[in-house]
Amino acid sequence: MKRLLHFAATLVLAGTAAMAGAVDTNPPEGAHEVVRQATEAVMSTVDEAQAYIDAEPDRFYDQLQDILDPVVDFRGFARGVMGPYASSERYRSLDPEGREQLRGQLERFTEVMRVGLVRTYGKGLLAFGGSRIEVPELSEEEAAGSRAAVRQLIFSDGSEPYVLVYHMGRDKDGAWKLRNMVIENVNLGEIYRSQFESAARKHDGDLDQVIAGWTAVEIETETET
């Protein structure tokens, strides 16, 4: 039997934060602990949503947004998707008016990605309520670095789990933030960047049109069971 795992193309993203009041209010020190606590908060929300999602879908997505906002680097992810169009080199090459315009474009695109990713991600997660999820520990060497790739294993009906890899990095305050995600060997950041660059070429570099018309690509990952 084929199982389909649907996720949006824009970081992001199987939970990487702790819901306020749902977990320890002290920020976890390690990338593994951030993902582990976030996974518990997200899947608890998914399980509870089964009873009300049809009548109150916005309630579910708002709760997911609250969980993900503190630890997902949506701005960094959006800037990465924009690629050379939001690079430091391009920013420095612009006059003051152009720099202000680019800052505004980045802020708008960040919000578009933030809302779109969480909603599409949430739809995919609803199919996995009640599934067993494991977050393997990092090695001492992996945990000591400034970047870490944390794996998440989702066990559904098949013998082999779905594998998600969360690429984490520290922000300027030392807190771990989600920077990118790989789902079953599909790199979301690369997929979205390709999509953005294609749209930018189509619109002759008019980023306002690209952002206004942005629709995240849906990624399907199939396994046989």
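This is a short tour of one protein structure, stop by stop, for you to follow in your viewer. Please keep in mind that the model is predicted.

**The whole protein**

Start with everything shown as a cartoon. You should find 8 helices and 7 strands. The protein has 225 residues, of which 43% count as buried. Now switch on the surface: about 11,600 Å² is exposed, with carbon and sulfur atoms supplying 46% of that area.

**The sheet**

Next, select strands S2 to S6. These 5 strands make an open sheet in the order S2-S3-S4-S5-S6, and their pairing is antiparallel. Which strands lie at the edges? They are S2 (132–134) and S6 (186–187), each of which pairs on one side only. As background, strands of a sheet pair through backbone hydrogen bonds, either parallel or antiparallel.

Go on to residues 147–155, which are strand S3, and add S4 to the selection; 8 bridges join the two, and they run antiparallel. Between S3 and S4 there are 6 residues, and the two strands form a hairpin. Pick Ala-148 and look across to S4: Met-168 stands opposite.

Keep S4 (residues 162–170) selected and add S5 (residues 176–183). Here 7 bridges do the joining, and the strands again run antiparallel. Met-168 turns up once more, this time with Leu-178 in S5 as its bridge partner. So that you can trace a second pair on these strands, click Leu-164, which stands opposite Ile-183 in S5. S4 and S5 also form a hairpin, with 5 residues between them. Zoom in on the turn to find Gly-174, whose phi is positive at about 90°.

**Two residues with positive phi**

Most residues other than glycine have a negative phi. This stop visits two exceptions. Select Glu-184, in the loop between S5 and S6. Its phi is near 50°, a positive value in a residue other than glycine.

Then move to Asp-204, in the loop between helix H7 (188–202) and helix H8 (207–212). Phi of Asp-204 is near 55°, also positive in a residue other than glycine. Is Asp-204 buried or exposed? It counts as exposed because its relative accessibility is 73%, and the cut-off for exposed is over 50%.

**Where two helices cross**

For the next stop, select helix H2 (residues 57–68) and helix H5 (residues 96–125). Their axes come within 10 Å and cross at roughly 115°. The crossing of H2 and H5 is right-handed.

Now show the side chains where the helices meet. On H2, display Asp-58, Phe-60, Tyr-61, Leu-64, Gln-65 and Leu-68. On H5, the residues they meet are Arg-114, Val-115, Val-118, Arg-119, Tyr-121, Gly-122 and Lys-123. Colouring this contact by residue type gives 7 nonpolar, 2 polar and 4 charged residues.

**A last look at Gln-65**

Finally, centre the view on Gln-65, which has its place in helix H2. Gln-65 counts as buried because its relative accessibility is 9%, and buried means under 20%. Which residues surround it, leaving aside neighbours within four places in sequence? Gln-65 is in contact with Phe-74, Arg-114, Val-115 and Val-118. Arg-114, Val-115 and Val-118 are among the H5 residues that you displayed at the helix crossing.

How values were computed:
Residues are numbered from 1 along each chain as its sequence is written. This is a predicted model: local features need pLDDT of at least 70, side-chain atom pairs count only at pLDDT 80 or more; totals for chains, interfaces and linings use all residues. Side-chain values use heavy atoms; hydrogens and water are left out. Helices (H or I, at least four residues) and strands (E, at least two) are DSSP runs, numbered from the N terminus. Buried means under 20% relative accessible area, exposed over 50%, partly exposed in between (1.4 Å probe, protein chains only). Accessible areas come from the Shrake-Rupley method with a 1.4 Å probe; for residues, only the protein chains shown count as cover. Two strands pair if DSSP finds at least two bridges between them. Axes are lines fitted to C-alpha atoms, for helices over the stretch in contact, and angles run from 0 to 180 degrees between N-to-C directions. A crossing is left-handed if the near helix is turned anticlockwise from the far one by less than a right angle, and right-handed if clockwise. Contact means heavy atoms within 4.5 Å. Ala, Val, Leu, Ile, Met, Phe, Trp, Tyr, Cys and Pro count as nonpolar, Asp, Glu, Lys and Arg as charged, and the others, Gly among them, as polar.
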